[in-house]
Amino acid sequence: MLIDDVASLRGIYESHLQNSGFDVYTAGTANDGILLFRNNPIEIVLLDLMLPDRDGDALIAEMLDLRPRTAIIVITADRSIDRAVNAMRCRALDVLIKPVTEARLTGAIDSARSFALQANPHGGDLDHAPIGAFIGHSPRMQRVYDRIRSAARSTAPVYIWGESGTGKELCAHAIHMLGPRAAAPFITLDCGALPAERLDSELFGHVRGAFPGAVTDKPGALMSANGGSVLLDNVNELPPDTQSKLLRFLQSGMTKPFGADEPIQADVRVLCAAALPAVEAVRLGQLREDLNYRLHVLDIAMPPLREHPEDISHIAQTALARLASEENRHFTTISSDTIAVLEAQSWPGNVRQLMNVLRAAIVMSHGPELTPDMLPEISPQMPCDASPTEPASAEPQEMVPRTLEEIERSAIETAIERHNGSIPRAANELGVAPSTIYRKRDAWIKKERDD
């Protein structure tokens with residue numbers, strides 16, 4: 001269905017859609033459009049936001065309340081970022097800015113058609129089942145699944161945040177697989193695992209001869225994911241210069257490989273993962289504020305395992321068979337006492353830590369039942385208000401003012417000491433990439449040397 005108050009544009013779009021094999025319903029007002037929508041089996045809607053009798057954003061919500069799996073493509077002459085972002089938050093599948101080229105319209109329609117074909121018109125119990133590779137039926141995870149399903153229907157960037165081991169990459173992959181880009185590439189780039197000088201090349205690519213050692217063209221993550229999705233893991237680890245280039249890509253859809261003469265178009269949905277919520281990352285200076293506005297259109301908070309301990313039994317029972325098969329061990333059950341021990345833990349490393357504990361127990365023991373004595377020592381979570389090196393004092397101490405940098409350095413150094421000098425384990429506890437700590441320590445050493 002096409003809803004646009006400009007008759008000439010309706011004629012152009014209608015002709016294109018009919019040539020593509022669609023039966024087309026047209027309307028010039030919101031009231032006529034919703035009437036057609038109610039009375040016909042419409043799966044895809046092209047909607048102009050500026051209608052004479054009603055705001056298009058409200059119409060999106062009403063249509064999706066009636067038929068939640070409708071693919072709605074917004075067409076607007078308003079180039080305001082806020083207007084486009086608001087349409088995405090109202091769960092529009094795509095936003096096209098007038099004038100719309102035939103190629104852009106065709107691409108949006110193809111994505112909408114793919115989404116409509118994949119949609120489950122009956123809903124039912126499928127709406128409450130775990131999605132992707134997730135395990136767990138708790139109310140807390142059900143809310144995550146709902147947000148993933150809503151995000152999957154959109155093309156807007158998604159900011160996924162949570163502690164290490166909570167499943168941020170699984171979340172991004174589920175969004176990709178449930179959306180209209182499922183058949184296209186899904187590329188992951190860990191922004192915290194690479195030195196700054198390599199990140200530009202890995203993200204934007206380079207051409208042969210661009211620098212010594214560039215013996216072939218490299219497409220980069222954005223072009224490798226063309227037509228699909230890219231996950232920028234630890235996105236707050238991107239250096240400022242790279243954040244600036246990423247912002248330009250999100251604004252224009254054009255990427256320029258290092259050494260190339262001209263930029264090239266890349267149709268990529270950008271998904272991001274980070275340990276901190278976006279507003280906190282901006283406050284700490286890790287993420288540019290203007291980039292945050294582009295990346296943080298939709299967000300999903302991944303809960304730590306301690307917030308849904310009722311899922312531990314299901315996760316452990318499900319993982320047991322897979323891990324026993326991988327390790328060639330004959331475990332078939334987990335005792336109720338073992339489940340009780342697992343549920344009593346705080347799991348600072350979340351599901352990843354739980355999986356590691358189960359794997360270690362399986363490797364070092366023999367089945368068929370996993371019992372409490374088989375479990376390795378489980379690292380407890382250090383309370384936020386406790387210090388492992390300083391005993392509590394009976395006398396109140398005067399608070400010494402410290403800068404944010406001093407507080408951050410103290411927290412990092414304390415975590416490293418707590419883990420006997422292991423930076424990877426300290427980074428895991430703090431919810432950052434190890435490269436973050438290495439870079440900060442180098443900066444501290446350089447500053448002390450300069451002073």
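Here are some short exercises with worked solutions on this predicted model.

**Exercise 1. Lay out the open sheet**

Work out the strand order of the open sheet and find which strands stand at the edges.

*Solution.* Start with the order: 5 strands form the open sheet, arranged as β2-β1-β3-β4-β5, and their pairing is parallel. Next, look at the two ends of that order. β2 (26-27) and β5 (94-97) each have a single partner strand, so one side of each is left without a neighbour in the sheet.

**Exercise 2. Inspect β3, β4 and the helix across them**

Describe how β3 is joined to β4, and find what helix α3 lies across.

*Solution.* Take the strands to begin with. β3 (residues 44-48) and β4 (residues 71-76) run parallel and are joined by 5 bridges. For one facing pair, go to isoleucine 44, which has alanine 71 of β4 opposite. Now turn to the helix: α3 (residues 56-66) lies across β1 (2-3), β3 and β4. Its direction makes an angle of about 160 degrees with β3.

**Exercise 3. Uncover helix α8**

List the buried residues of α8, then find what covers them.

*Solution.* Within α8 (residues 196-204), the buried residues include Leu199, Asp200, Ser201, Glu202, Leu203 and Phe204. Their cover includes the strands β7 (186-190), β8 (229-233) and β9 (254-255), together with the helices α9 (220-224) and α10 (240-252). Finally, step past the helix: glycine 205 follows α8 and has a positive phi, near 85 degrees.

**Exercise 4. Classify the aromatic pair**

Find the aromatic pair in the structure and decide how its rings are arranged.

*Solution.* A pair of aromatic rings is described by the distance of the centres and the angle of the planes. The structure holds 1 aromatic pair. Phenylalanine 134 and tyrosine 145 make up this pair, with 6.0 Å centre to centre and 50 degrees between the planes, an arrangement that counts as tilted. Then place the partners: phenylalanine 134 is in the loop between α5 (102-118) and α6 (139-152), while tyrosine 145 is in helix α6, 11 residues apart. Both phenylalanine 134 and tyrosine 145 are buried.

For a ring with a charged neighbour, look at phenylalanine 37: arginine 67 lies over its face, 4.2 Å from the ring centre.

**Exercise 5. Buried or exposed?**

Decide whether alanine 427 is buried or exposed, and locate it in the fold.

*Solution.* Alanine 427 belongs to helix α17 (residues 423-430). Buried means under 20% relative accessible area. Alanine 427 has 1% relative accessibility, so it counts as buried. To finish, check a separation: 8.3 Å lies between the C-alpha atoms of alanine 427 and isoleucine 416, which are 11 residues apart along the chain.

Definitions and conventions. Residues numbered from 1 in each chain as written. Predicted model: local features only at pLDDT ≥ 70, side-chain atom pairs only at ≥ 80, totals over all residues. Heavy atoms only, no water. Pairing = 2+ DSSP bridges. Helix = DSSP H or I, 4+ residues; strand = E, 2+ residues; numbered from the N terminus. Contact = heavy atoms within 4.5 Å. Axes fitted to C-alpha atoms, helices over the stretch in contact; angles between N-to-C directions. Buried < 20%, exposed > 50% of the residue type's maximum accessible area, 1.4 Å probe, protein only. Phe/Tyr/Trp six-rings, centres within 6.5 Å; stacked < 30°, edge-to-face > 60°. Lys NZ or Arg CZ within 6 Å of the ring centre and 35° of its normal.
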